[in-house]
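Here's an informal walk through a few corners of this model. Have the sequence and the structure open while you read.

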Amino acid sequence: MSRKHLGTFLAIVLIGMLYSPSGAAAPPDGAVVLRDHWFLQSSERVEDPGETVSLEAYQPKEAWYPVTVPTTVLAALVDNKVYPDPFYGLNLTSVPGYKQGRWLAMPADSPFHKPWWFRTTFRLPECFKGKHVALHLDGINYRANVWFNGKRVLDSNAATGMFRRYEVALAEGMARADAVNCLAVEVIAPGQIEDKAYRTKQLEATTGWDDHNPQPPDLNMGIWRDVYLTASGPVTLRNPYVKTDLELPAMDAARLTISVELNNLENRNVSVEVKGIIEGIAVSKTVQLAPLAKRELVVFSPADFAQLSVARPRVWWPNTVGAQELYDLNLTVSVEGAVSDTARTRFGIRKITAEINDEGWRQYYVNGKKILIRGGAWMTSDMMLRLTPGRYDALIRYAKEAHLNMLRSEGFSIRETDEFYDLCDQYGVMVTQQIFGRNIPDEPLAIDNVRDMMLRIRNHPSLVHFLGHDETFPTETLDKAYKDMIAEYMPDRTYQPHSGAFDVKERLKTGGTRTGTRELWTYANPAHYYTHKNDGAWGFAQSGGIGGVIAPIESMRKMMPADALWPPWTDAWSLHTVIQGGHYFDAMADALNTRYGAPKSIEEFCMKGQAMNYESARGMYEAYARNKYSATGITAWKYDAAWPASPTWQLVDWYLQAGGAYYGAQKACEPLHVQYSYDDNSVCVVNSFYHPYRRLTVTAKVLDLDMSEKLVRTRTVKVGADGKTKAFTIRWPKGLTKTHFLSLKLTDRAGKEVSNNLYWLSTIPDVPGTEEEGHGETRYAIHPKSTADFTDLANLPKVKLEVSAKFEDKGAERVARVTVTNPSKGLAFQVHLALTKGAGGPEVTPAFWSENYVSLLPGESRTIQGAVYVRDLDGAAPAVKVDGWNVEG
């Protein structure tokens, strides 16, 4: 065999490798997953019909682009260097088909207006011989004609909608285990509609981006989920489900109900045995299937199978309040003693409910106990749908490390993947899944997409709630369909039709929640959630937030050329904010200038931005904790970004860099926490655990800018389970410097510090004023009556810190324990730690720190833990980098 043919043969064999996943909705055991050895080309350059393109012997007239699947067309072309990195500078604007702002109709002259072909060849293993073979396409955006070995097996009238899975039963003999097979998929983009102004943000059952970031020019056309083949006997298993009913309040028993759908692929009566195993629990049932029976539901209930009443179950809890216990269900169906098909799924035993409380707000309960929701709105993790396991893991682990307990999967995003839900299950992050952003005119198509999504994700214990649409109501037809499907497929999940009221008086109509305001989407100071009611820490906010979040300088330098970084807002910088452009955040920039002093460089802008974001995020989440349970929760706008942007709405940026906003949130959401209230000057201890604490000592110190102590207060307190205790009120001494500090420490009965918190405060308070709506040339503005003045922070003396670090490997991680000591007589303010690839090398992301952007009093020492994945070091030895507001060296 020649080297050329040997290479081709090896590629074909690798394509036919068997895949063994852990999740249920991913390709099943034994599936042949088609990932590599695909080729891509525009239909403009392919004159041949699908019957020809899908033959193994087909020879294209010009070269096609090699790609891996899943991929969008644009992502594949970027990988092939057809276009430069669209995420850098102004590169995106040079991609043909790019349009500014929000748009729905694909331009007629766009290279993505016409279909694109995906083509691959592969071999099937010998075990597929004599079996029923099915082709699975788990996600196509938006329409497709599918050809297999010269035959069209699926057309674009049937294959429509981004969030549907397609299973095509291949005719006997069509899929060959003794020869090379060929699959060709002609993908048609969304946006094949009249190009005009629409009074809606969404018309098709596809992803969208609202105003978060630019629209990718291809509108994410492509094969965005797995393509694979399965082989079975005459009967298949589909859509396994375990409904759990946990006995409350004792949690000492649970009733499990197993269901699964059977499909008879043959035109004859069949007697089958279905078996299920959950750890040591086994059930079985014999079922008679009529010829070609489809979706025959088989149910194993505790009424018929006593072993499904489980004593002392391991219970799944959200992050911080308990363990994330998971079970596996394995199912087989046998015909005439031979296994015909298998299926498995993972589930958790828990009971999560919600009610509308006496004030008209949504209140969640986990396993019978109230829980304060503190989380964020989740955006699709990459604008070009490069949905990598590493990116998912980093973002969801960041949420866990910040003690957040819920993500709201946003309605203009994708309907999230099994990888996302698996990690939320593992890390204990609850999920609210929004169904769509707006009403889809083709309602039957919308319902088909939603049904498939619900069947796919319903076993995940992290999935707790559905929202209908974003800031609008579904039609009566869609609303009824959503409720009916939830009742049929997962009756233990809750639902509301609308994300949240703009006017809190309307909250009962939307489902007991409110949305954000222009002010909260632009800039909110740390006192806002204390001093405001209707858009403060009261009730449940599906949106809101702190406004524009400024990325760290390391991310800004990766985002655009140096000459585009200053002053605000250059064309490249404005592109990398939101689609309204940088001036959308002028009110935030004004606040930064007034509060901290006008920056003279991008470095100073980012440094001051981290401090401002930190205090605002901390104040927002702490206000909800202080006000629980008149405040029931917030999923702040928003958690992540789909492309590099700053300022934008994010706690973690696209480069997986966590800045001041993230670490302010992490500080606020400590499960046992001491905090200050901006409205009444009280100091409180907040406990998020479901057990009480006694003999805790709170110590407060008020310090001037030069670190001279002006007040010290100490009190021993107790705090109840999931409770809060006011320790005392700060009575401010006279003569404080304009900028001063409040240091809070919480120690346990053994004297061990369990929480610390340092606030920078001003003798000039934040007092709300008025807003000015922007129209035409007039920009939106916030006019407070007074604003805290921290400009004297610029006069903090420089400090030189003492730093030591110890490293150890823990599995796939390199963990650093970094001790930072401030030997000076001044404050070390906003100290930032990073791990780099060698001394002076680039910063490693993601990096999970126990705290960051810390401030150290004179003589204070703190040991902080940071972890990175060894793979992200690229073979380099890690080094610790320490910088900060007034840190030398």
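## Two helices, two sheets and three residues

Start with helix 12 (residues 586-596) and helix 13 (residues 602-626), whose axes come within 10 Å and cross at roughly 95°. Angles from 65 to 115 degrees count as roughly perpendicular, so that's the label for helix 12 and helix 13. On the helix 12 side, the contact is made by Met588, Ala591, Leu592, Arg595 and Tyr596. Helix 13 brings Phe605, Lys608, Gly609, Ala611, Met612 and Glu615 to the contact. Sort the residues of this contact by type and you get seven nonpolar, one polar and three charged. Bear in mind throughout that this is a predicted model.

**The parallel sheet**

Next up is an open sheet of seven strands, in the order 30-29-28-27-26-32-31, with parallel pairing. Which strands stand at the edges? Strand 30 (494-498) and strand 31 (539-541) do, and each has a single partner strand, so one side of each is left without a neighbour in the sheet. From one strand to the next, the twist averages 20°.

Inside that order, strand 26 (residues 373-378) runs parallel to strand 32 (residues 631-636), and four bridges join them. If you want a spot to look at, find Gly376, which stands opposite Ala636 in strand 32. Over on another part of the sheet, helix 6 (residues 443-457) lies across strand 28 (430-436) and strand 29 (463-469). The angle between helix 6 and strand 28 is about 165°.

**The antiparallel sheet**

Now for a sheet of three strands: it's open, the order is 46-44-48, and the pairing is antiparallel. Here strand 46 and strand 48 stand at the edges with a single partner strand each, so each has one side without a neighbour in the sheet. The twist in this sheet averages 40° from one strand to the next.

How many residues of strand 44 are buried? Nine of the ten residues in strand 44 (residues 828-837) are, which leaves the strand mostly covered. Strand 44 pairs with strand 46 (residues 854-856) in the antiparallel sense over two bridges, and on that side Val831 stands opposite Val854. With strand 48 (residues 878-884), strand 44 also runs antiparallel, joined by seven bridges. On this side you can pick out His832, which stands opposite Asp883 in strand 48.

As background, strands of a sheet pair through backbone hydrogen bonds, either parallel or antiparallel.

**Three residues up close**

Let's zoom in on single residues. Ser762 is found in strand 39 (residues 753-762), while His740 is found in strand 38 (residues 739-747). Val712 has its place in strand 36 (residues 709-719).

Is Ser762 buried or exposed? With a relative accessibility of 14%, Ser762 counts as buried, because the cut-off for buried is under 20%. His740 is buried too, with a relative accessible area of 3%. Val712, at 45%, counts as partly exposed.

The side chains of Ser762 and His740 each have polar atoms lying a short listed distance from backbone atoms:

| Side chain | Backbone atom | Distance |
|---|---|---|
| Ser762 | oxygen of Lys738 | 3.4 Å |
| Ser762 | nitrogen of Ile764 | 3.0 Å |
| His740 | oxygen of Thr737 | 3.0 Å |

What else does Ser762 touch? Leaving aside its neighbours within four places in sequence, Ser762 is in contact with Lys738, His740, Ala788, Asp789 and Phe790. So Lys738 turns up in that list as well as in the table, where its backbone oxygen lies 3.4 Å from a polar atom of the Ser762 side chain.Turn to His740, and the list, again without neighbours within four places in sequence, holds Leu703, Asp704, Trp732, Tyr759, Trp760, Leu761, Ser762 and Thr763.

Val712 has a list of two, counted in the same way: Ala700 and Lys701. One last distance to check on screen is the one between the C-alpha atoms of Val712 and Ser743, which are separated by 9.5 Å. Along the chain, Val712 and Ser743 are 31 residues apart.

Methods:
Residues are numbered from 1 along each chain as its sequence is written. This is a predicted model: local features need pLDDT of at least 70, side-chain atom pairs count only at pLDDT 80 or more; totals for chains, interfaces and linings use all residues. Side-chain values use heavy atoms; hydrogens and water are left out. Buried means under 20% relative accessible area, exposed over 50%, partly exposed in between (1.4 Å probe, protein chains only). Two strands pair if DSSP finds at least two bridges between them. Axes are lines fitted to C-alpha atoms, for helices over the stretch in contact, and angles run from 0 to 180 degrees between N-to-C directions. Angles under 35 degrees count as roughly parallel, over 145 as roughly antiparallel, 65 to 115 as roughly perpendicular and the rest as oblique. Contact means heavy atoms within 4.5 Å. Ala, Val, Leu, Ile, Met, Phe, Trp, Tyr, Cys and Pro count as nonpolar, Asp, Glu, Lys and Arg as charged, and the others, Gly among them, as polar. A polar contact is a pair of N or O atoms within 3.5 Å; within protein, one must be able to donate a hydrogen and the other to accept it, and residues adjacent in sequence count only if both atoms are side-chain atoms.
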